[in-house]
Amino acid sequence: MSATEIATRHFSTAIADAEGAGLGPDSVFRALLGLLVAKYLESRSVADVQSELRFVADNCDPDTDFMFMRP
């Protein structure tokens, strides 16, 4: 099982649990993001975590190619 498969399984479960508790998915997204950042900061510098988050934010449009991709 890949890391993506493991994460997807747990993410889906968290969303289902939130829906069962009457919570919107955005609250789970924010909570998971906060947990991820906190965990990253245990082994990476603030600047490194910020860089990682910036990369994801800068490349989150599914209709736009990554900067390093060629047509």
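This is a short walk through one protein chain, from its overall form down to a few single residues.

The model is a predicted one, so please take every value I give as computed from that prediction.

Let me start with the whole chain. There are three helices and zero strands in the protein chain. Going along the sequence, the pattern reads α-α-α. How spread out is the chain next to a compact globule? Its radius of gyration is 15 Å, while the globule rule gives 11 Å for 71 residues, so the chain is more spread out than a compact globule. Along the principal axes, the C-alpha atoms fill a box of roughly 45 × 30 × 25 Å.

Next, the surface. Only a share of 7% of the 71 residues counts as buried. The chain exposes about 6000 Å², and 62% of that comes from carbon and sulfur atoms. As for charge, the chain has 6 positive and 11 negative charges, and the mean positions of the two sets lie 7 Å apart.

Now helix 1, which covers residues 3-20. Does its length agree or disagree with what we expect at 1.5 Å a residue? For 18 residues the expected span is 26 Å, and the end C-alpha atoms are 26 Å apart, so the two agree. Just after helix 1 comes Gly 22, with a positive phi of about 75°.

From there we go to helix 2, residues 25-41, and to the contact between these two helices. Counting rings whose centres lie within 6.5 Å, the model has one aromatic pair. The partners are Phe 11 and Phe 29, and the pair is stacked, with 5.8 Å from centre to centre and 10° between the planes. Why does this pair tie together separate parts of the chain? Phe 11 belongs to helix 1 and Phe 29 to helix 2, so the pair links parts that are 18 residues apart in sequence. Are these two rings' residues buried or exposed? Phe 11 is partly exposed, at a relative accessible area of 38%. Phe 29 is also partly exposed, at 36% relative accessibility.

Two leucines sit in helix 2 as well. Leu 32 is placed in helix 2, and it counts as partly exposed at 28% relative accessibility. Its C-alpha atom is 21 Å from that of Met 1, and 31 residues separate the two along the chain. Leu 36 is in helix 2 too. With 54% relative accessibility, Leu 36 counts as exposed, since the cut-off for exposed is over 50%. From Leu 36 to Pro 62 the C-alpha distance is 22 Å, for a separation of 26 residues in sequence.

Last, helix 3, residues 46-58, where we find Glu 52. Glu 52 is partly exposed, with a relative accessible area of 28%. Glu 52 and Thr 4 are 48 residues apart in sequence, and their C-alpha atoms are 17 Å apart in space.

To sum up, we have a predicted model of a chain with three helices, more spread out than a compact globule, in which a stacked pair of Phe 11 and Phe 29 ties helix 1 to helix 2.

Key
Residues are numbered from 1 along each chain as its sequence is written. This is a predicted model: local features need pLDDT of at least 70, side-chain atom pairs count only at pLDDT 80 or more; totals for chains, interfaces and linings use all residues. Side-chain values use heavy atoms; hydrogens and water are left out. Rings of Phe, Tyr and Trp (its six-membered ring) pair if their centres lie within 6.5 Å; planes under 30 degrees apart count as stacked, over 60 as edge-to-face and the rest as tilted. Helices (H or I, at least four residues) and strands (E, at least two) are DSSP runs, numbered from the N terminus. Buried means under 20% relative accessible area, exposed over 50%, partly exposed in between (1.4 Å probe, protein chains only). The radius of gyration is taken over C-alpha atoms; the globule rule is 2.2 Å times the number of residues to the power 0.38. Accessible areas come from the Shrake-Rupley method with a 1.4 Å probe; for residues, only the protein chains shown count as cover. Lys and Arg count as positive and Asp and Glu as negative; His and the chain ends are not counted. The place of a charge is taken as NZ of Lys, CZ of Arg, CG of Asp or CD of Glu. The expected span of a helix is 1.5 Å times one less than its number of residues.
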